[in-house]
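I set out to look up how the charged side chains pair up here, and I kept short notes as I went along.

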Amino acid sequence: MESVWIALGGNAAFLLVAAFLGRKVITHWLDRDLETFKQALVDARALEIEKTRGALQIATNEHSILLSKLQERRADVIGEIYDHIASGIEALESYVRPLQLIGEANREAKASLARGALVASLHVFDRKQIWLTAECAELVGQFMEELRQTFNHYDI
């Protein structure tokens, strides 16, 4: 009977040691795989962050270029509107000037010239005001209205 207990105890001890070692080996493999997986996740996250940074940098550059082009276009439009308004003001000043110089056109011709120049500046402003900020467009519109009222005051 004792030999049976020794045989069973020896097998049990062997199985216990084999189970313990097997568990350690499997845990080691799983830990190693877990570390590999963690590193792969960290690398993938770093790669994704760099891709996102690159995409954001490209979007920032595109936005900067578009804004620069918008500012250039806006400057051109402001110059064009200013040129037409300045021509209208010159013609209006010539028309409302109390003293007329010798060789100048008569008042009717000056009125027609001023009217044409102011209408042309108003048309340019109406077509191009989309390029201006809302505040700027409102101020220019008010100024154009003052010029129109001034012309009408002297024309009537």
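**Notes on charged pairs**

I began with K110, which forms a salt bridge with E104, the closest N and O atoms lying 2.6 Å apart; a salt bridge here means a side-chain nitrogen of Lys or Arg within 4 Å of a carboxyl oxygen of Asp or Glu. I should record early that this is a predicted model, in which local features need pLDDT of at least 70 and side-chain atom pairs count only at pLDDT 80 or more, while totals for chains, interfaces and linings use all residues. Residues are numbered from 1 along each chain as its sequence is written, and side-chain values use heavy atoms, with hydrogens and water left out.

Is K110 buried or exposed? I looked up its relative accessibility, found 5%, and so entered K110 as buried, the cut-offs being under 20% relative accessible area for buried, over 50% for exposed and partly exposed in between, with a 1.4 Å probe and protein chains only. Its partner E104 is partly exposed, with a relative accessible area of 28%. I also noted that R97, E104 and K110 are linked in a network of salt bridges.

**Pairs within helices**

Next I turned to E35 and K38, whose side chains meet in a salt bridge at 3.9 Å, N to O. Why can these two residues be expected about one helical turn from each other? They are three residues apart in helix α1, which covers residues 2–96, and are therefore separated by about one turn; helices (H or I, at least four residues) and strands (E, at least two) are DSSP runs, numbered from the N terminus. E35 is partly exposed at 49% relative accessible area, and K38 is likewise partly exposed at 42%.

I then found R148 in a salt bridge with E145, with the closest N and O atoms 2.3 Å apart. Both R148 and E145 lie in helix α3 (residues 134–155), three residues apart, which is about one turn of the helix. R148 has a relative accessible area of 38% and is partly exposed, while E145 is partly exposed at 31%. A search of the whole structure finds six salt bridges.

**A charge without a partner**

Where is R74 found? I placed R74 in helix α1, and saw that R74 is buried yet has no salt bridge, the nearest side chain of opposite charge, E135, being 11 Å away; Lys and Arg count as positive and Asp and Glu as negative, with His and the chain ends not counted. What I did find is that the backbone oxygen of W131 lies 2.7 Å from a polar atom of the R74 side chain. Leaving aside neighbours within four places in sequence, R74 is in contact (heavy atoms within 4.5 Å) with W131, L132 and T133.

**The whole protein**

Finally I looked at the overall layout, which has three helices and zero strands. The radius of gyration is 43 Å, well over the 15 Å that the globule rule gives for 156 residues, so the protein is more spread out than a compact globule; the radius is taken over C-alpha atoms, and the rule is 2.2 Å times the number of residues to the power 0.38. Along its principal axes the C-alpha trace spans about 145 × 25 × 20 Å. Of the 156 residues, 15% count as buried.

Methods
Polar contact = N/O pair within 3.5 Å; in protein donor to acceptor, adjacent residues only side chain to side chain.
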